[in-house]
Amino acid sequence: MLDLSQYQSIGAALKDALEKYADEVCLIEADREREKARLTYREFKNLAQPLAKALQDGGFSVGDRASIIMTNQSKWLISAYAVFYAGGVLVPLDYKLTPDEQWQLLKHSGAKVLITEYPIWRQLSVAAGRAAATNVSTVLVTEAPKNADLAGAQPWEDFQGSGEPAFVPRTRIDVACIVYSSGTGGRPKGCMMTHENYLEQCVALTSIYPFWPGVRYLSILPTNHAIDFMVGFFGPFTCGAAVVHLRTLRPEYVREAFSKYKITYVSLVPLVLKNLQKGLQARFDELPSVKRKVLNAMVAVNKALTKSRPRLGLSRRLLKQVHEPFGGELRTIIVGGAFTEPQTLQFFYDLGIPVANGYGLTEAGTAITVNDLRPFRADTVGKPLPGMEVRIIHAGADGIGEVSVRSKTIMSGYLNEPELTAEAIVDGWLMTGDLGRFDDAGHLQLFGRKKNMIVTEEGKNIYPEDIESVFESLPVKEFCVFAANYIWPQRSMVGEQLLLALHLEPGQTYTEELRRDISARNSKLLNYKRIHGVVLLNEDFPRTASLKIKRNSLAEQLAKLDRVTAFLPL
Amino acid sequence: MRTLEQTTQEVLDLASKHFNVPVGSLAPEDDFFKKLGIDSLQTLEMLSRLENHFGVELPDYEVQGVSDFRTLASRIQSRL
């Protein structure tokens, strides 16, 4: 079992791992069918150290913040290690946000350094938001074409100091990363994650899903996401395993990577898992009837033999034609970021491909519960990880209440937001805002949310406040965005939708012209952030003395309407 | 060499064929996520079809944030 108790920081644990596993492969990077890089831990260190030295030479010092906005690739991890080595705080941002959203978070985080890719910088450098983020004084850009105008940035590849950088120690209580769980439009929620949060989470997760030299993890979820940062960087690196990056997420190349690189683990969001299921199901449906019957029989046998625990060797032999396209080495698919439907989980398990279903929040340091596969349960999100105290508070007669968590992996708070922090962490317990119940076997089951937000199948957390600005100056008396399930609670974690509540001007009606206006504004949002429908309320929205909408009271008013008739799809 | 209009029309034709919708029902300014009711993964599949048709390679970052056929066609056009 992995022991990180002697380490005070991510940087210190990684530093030792780089020495210990010097000759093992740590990174493979491929662009479609072309392999671009294959690095050992020694080579990784040799690339990171000059960057750490150059950062230090440039005045980057203990506690300074450096942001990474990159797709999944080797330079992401090399840069992150250099930042930790130099004693910095990492701010990983989502490369899929709009440039102005990224500048807003860069400003909020107080990052001094930005490390990004040329295609992203091309958009970022000309965005209006740049002017306000004066805190960003150094920009490093990877893969820039020669002689390209970098608009004040420097090529990452040339940013190298000479000589040995000084390793800057940190303590467990120091902040390691600021990870944004939401807040591109409202109040940014920058989770301050400490070194201890990561060290403890790493030990807990690898006790159930271990890494070792030779294991290959396919990194598809964005590395800025808490899951991939842990299982696609810190976890495998502390254990000498390898991470495989693909520069494209086209399904055909992802499928090819499984067999080409003999993948052991992969993390997926439910949307991708469902897509895989669809593809497999279509393949099965095309089989001639005799072969189909044989396959069904093999699946039934596998199902019976793996009832109490997975038996990988057996499943691979029984269902060879299913396992071969996955490379024959796949141990587990980790699914996270959003809720996965039980039938999808069961589909894969019956084929002998265990899916590590779990439940977590960025604020909790990634995972709170995971399925330990002993036995596999598709109807729950598993049991609490070692070190996690989970309790249900304010439970109703049916035992369902808010899930709250206490552990060493809980963030220290939201950056610059003491009020939000006090709401989220009460007496050391993180209030998740999710509704759940434990069953007799100690498995957690989830039953919807208490909070006003949705999580998409792509694992994106969307808060209504973050998208309201796009509807500003809409020709109506007032408007407000809500998660539909917040108004009309559903005991479900899937199919969540956002709605726009409208109060029209006196005499105004909901015309086709107004619908088109809303639709046009909606399409300016990234596709996963869009509202799904409109609800009309013919009364004034309740407001505070400072005229802010009282969302809770308004939600209560809207809840009196019948969802089926009131919800007008856009 | 195709004009942007020709490229756009071919993109519309291919998208309608791939997703089985009437050719005339798609317009250059349409948001393909909404009009075709597709998700980001299905968009990537459509891109692979388009790459094969036009014989170009479109890196994922080139289509990041693109949601209408006209912009998509212009990204393809710049690589023809």
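Colleague: How many Å does helix 3 of chain A reach from its first C-alpha to its last?
Modeller: Happy to help! This is a predicted model, where local features need pLDDT of at least 70, side-chain atom pairs count only at pLDDT 80 or more, and totals for chains, interfaces and linings use all residues. Residues are numbered from 1 along each chain as written, with chains lettered from A and ligands numbered from 1 in written order. Helices here are DSSP runs of H or I of at least four residues, and strands are runs of E of at least two, numbered from the N terminus. Helix 3 covers residues 74-85, and its expected span (1.5 Å times one less than its number of residues) is 16 Å, close to its actual reach of 17 Å.

Colleague: Is helix 3 of chain A mostly covered or mostly exposed?
Modeller: A residue is buried if 20 or more other C-beta atoms, placed from the backbone, lie within 10 Å of its own, exposed if 12 or fewer, and partly exposed in between. Trp76(A) and Phe84(A) are among the buried residues of this helix. With 12 of its 12 residues buried, helix 3 of chain A is mostly covered.

Colleague: Which residue with positive phi follows helix 3 of chain A?
Modeller: The phi there is near 80°. The residue is Gly87(A).

Colleague: Which helix of chain A gives the largest share of the side that touches chain B?
Modeller: The contact (C-beta atoms, placed from the backbone, within 7 Å) takes 15 residues from chain A and 14 residues from chain B. Helix 8 (251-260) and helix 9 (270-285) of chain A each supply at least two residues of the chain A side. The largest share, three residues, comes from helix 9.

Technical notes:
Two residues are in contact if their C-beta atoms, placed from the backbone, lie within 7 Å.
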